[in-house]
Amino acid sequence: MSLSKVRHIILVLSGKGGVGKSSVTTQLALSLTLQGHSVGVLDVDLTGPSIPRMFGVEDAKVTQAPGGWLPVTVHEGDAAAGLGPLRVMSLGFLLPRRGDAVVWRGPKKTAMVRQFLTDVFWDELDYLLIDTPPGTSDEHISLAETLLQRARPGQLAGAVVVTTPQAVATADVRKELNFCAKTGIRVLGVVENMSGFVCPNCSECTNIFMSGGGEVMARDFHVRFLGRVPIDPQFLVLIETGKTPRYPKGTVVEGQDLSSADATPVVEGGESRDSALLVHKYKSCSLAPIFATITADAVASVVAS
């Protein structure tokens with residue numbers, strides 16, 4: 001099995017679509033590498049593979065190796081700077097064109113998930129994050145069965161479950177928590193995504209989708225609540241345009257001053273992409289200190305298991 005060099009596997013799950021699993025996976029991966037961990041991301045959302053776009057590597061091609069594939073490198077590690085390496089694998093790299101639809105029935109999806117788990121040659125990894133589609137269907141069953149059968153004892157660390165605050169979302173995400181209970185997958189914690197909107201002009205946070213629903217759900221299921229993540233347009237600009245986020249004077253998040261010398265917020269399409277690594281640009285994002293705390297709590301939960 002190609003997971004032999006992986007220390008810990010973390011699933012990113014949600015019973016609801018559109019809650020931001022891929023953005024949470026992306027930021028967990030970036031935060032882990034900033035903490036010095038070696039990280040891989042496996043995208044098993046076969047009909048909507050967005051991980052290549054999230055990491056800005058859509059044009060990359062996977063390398064075929066005898067018996068499998070080599071994942072795509074997002075950045076190499078830098079021990080002197082305390083930065084871990086980051087590599088990703090997704091069906092998106094295997095499609096002829098970015099807009100091609102994947103029209104597969106359940107058995108082919110199941111076979112593809114198993115192939116991703118067995119035929120991708122990861123280097124030594126501290127953490128492998130697996131970004132999943134919404135629901136509790138074929139991909140999830142195949143993923144759970146394969147990992148529970150083939151992973152080493154303790155290798156499957158658990159799942160981070162993502163929701164948004166509204167009751168219509170938490171009602172579906174509760175089913176994912178029940179799925180974890182039925183399959184024996186430990187829940188590391190719940191992330192409440194889109195919990196507020198950060199104004200790009202004044203940095204005021206407004207709870208446009210309410211707030212607190214994820215925390216109530218976590219309490220009901222007796223699992224750890226990892227934290228709330230607001231919507232930040234500057235993170236969108238970073239992902240879509242590759243520009244470093246900028247914030248007005250007085251922007252302080254988790255005790256960290258993120259004010260920019262040039263306080264004019266970047267707008268999508270306003271400037272060309274800069275050449276710095278995504279992980280370095282992400283450090284200027286208001287969500288980085290929030291995810292540093294969430295990641296530290298998730299790691300503590302893994303270590304405590």
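In the predicted model, Leu-11 is in contact with Ile-130, Leu-143, Leu-147, Leu-156, Gly-158, Ala-159, Val-160 and Ile-185, its neighbours within four places in sequence being left aside. Leu-11 also belongs to the largest nonpolar core, a set of 85 residues. Within this core, the residues with the most contacts are Leu-11, Phe-55, Phe-116 and Ile-130. Helix α9 gives the most to the core, contributing eight residues. Ile-130 thus appears both among the contacts of Leu-11 and among the residues with the most contacts inside the core.

The structure holds one cavity of 30 Å³ or more. The space in the largest cavity amounts to about 40 Å³, and its lining is made up of Ile-10, Leu-28, Leu-32, Leu-129, Val-160, Thr-295, Ala-298 and Val-299. Two elements, α1 (21-34) and α9 (287-304), give two or more residues to this lining. The largest share, three residues, comes from α9, the helix that also gives the most to the largest nonpolar core. By class, seven of the lining residues are nonpolar and one is polar, while no charged residues are present. Val-160, one of the lining residues of the cavity, is also in contact with Leu-11.

Open spaces were examined next. The largest pocket has a volume of about 320 Å³. It is lined by 18 residues, of which Ser-23, Ile-231, Asp-232, Phe-235 and Leu-236 are the closest to the centre of the pocket. Two or more residues of the lining come from each of α1, α2 (51-54), β9 (187-198), β11 (225-231) and α7 (233-241). The largest share is that of α7, with five residues. The lining of the largest pocket comprises ten nonpolar, five polar and three charged residues.

The second largest pocket has a volume of about 260 Å³. Among the 17 residues of its lining, those closest to the centre are Pro-49, Glu-58, Gly-92, Arg-97 and Arg-98. This lining divides into seven nonpolar, three polar and seven charged residues. Glu-58, one of the residues closest to the centre of the second largest pocket, forms a salt bridge with Arg-53, in which the closest N and O atoms are 3.5 Å apart. Both partners fall into the partly exposed class: Arg-53 has a relative accessible area of 29%, and the relative accessibility of Glu-58 is 30%.

In total, the count comes to twelve salt bridges. Side chains of opposite charge can pair when their charged atoms come close. One such pair consists of Lys-109 and Glu-139, whose side chains meet at 3.6 Å, N to O. This pair links distant parts of the chain, with Lys-109 in helix α3 (residues 106-119) and Glu-139 in helix α4, 30 residues apart. Lys-109 counts as buried because its relative accessibility of 16% is under 20%. Glu-139 is likewise buried, at 4% relative accessibility.

A further salt bridge is formed by Arg-114 and Glu-145, the closest N and O atoms being 3.4 Å apart. Arg-114 lies in helix α3 and Glu-145 in helix α4, so this salt bridge ties together parts of the chain that are 31 residues apart in sequence. In contrast to the buried Lys-109 and Glu-139, Arg-114 is partly exposed, with a relative accessible area of 36%, and Glu-145 is partly exposed with a value of 36%. Elsewhere, Lys-16, Asp-172 and Lys-175 are joined into one network by salt bridges that share partners.

Contacts between helices α3 and α4 were also found at Ser-142. This residue lies in helix α4 (residues 138-150) and is buried, with a relative accessible area of 1%. Not counting residues up to four places away in sequence, Ser-142 touches Thr-110, Val-113 and Arg-114. Arg-114 therefore meets helix α4 in two ways, through contact with Ser-142 and through the salt bridge with Glu-145.

Ala-181 presents the opposite case in terms of accessibility. Located in helix α5 (residues 167-183), Ala-181 is exposed because its relative accessible area of 62% is over 50%. The C-alpha atom of Ala-181 is separated by 10.0 Å from that of Phe-221, a residue 40 places away along the chain.

How values were computed. Residues are numbered from 1 along each chain as its sequence is written. This is a predicted model: local features need pLDDT of at least 70, side-chain atom pairs count only at pLDDT 80 or more; totals for chains, interfaces and linings use all residues. Side-chain values use heavy atoms; hydrogens and water are left out. Helices (H or I, at least four residues) and strands (E, at least two) are DSSP runs, numbered from the N terminus. Buried means under 20% relative accessible area, exposed over 50%, partly exposed in between (1.4 Å probe, protein chains only). On a 1 Å grid over the protein atoms alone, a cavity is a set of points where a 1.4 Å probe fits but cannot get out, and a pocket is an open set with protein on both sides within 12 Å along at least five of seven lines; lining residues have an atom within 4 Å of a point. Grid points are joined across faces, edges and corners, and a volume is the space filled by probe spheres set on the points. Ala, Val, Leu, Ile, Met, Phe, Trp, Tyr, Cys and Pro count as nonpolar, Asp, Glu, Lys and Arg as charged, and the others, Gly among them, as polar. Contact means heavy atoms within 4.5 Å. A nonpolar core is a set of buried Ala, Val, Leu, Ile, Met, Phe, Trp, Tyr and Cys residues joined through side-chain atoms within 4.5 Å. A salt bridge is a side-chain nitrogen of Lys or Arg within 4 Å of a carboxyl oxygen of Asp or Glu.
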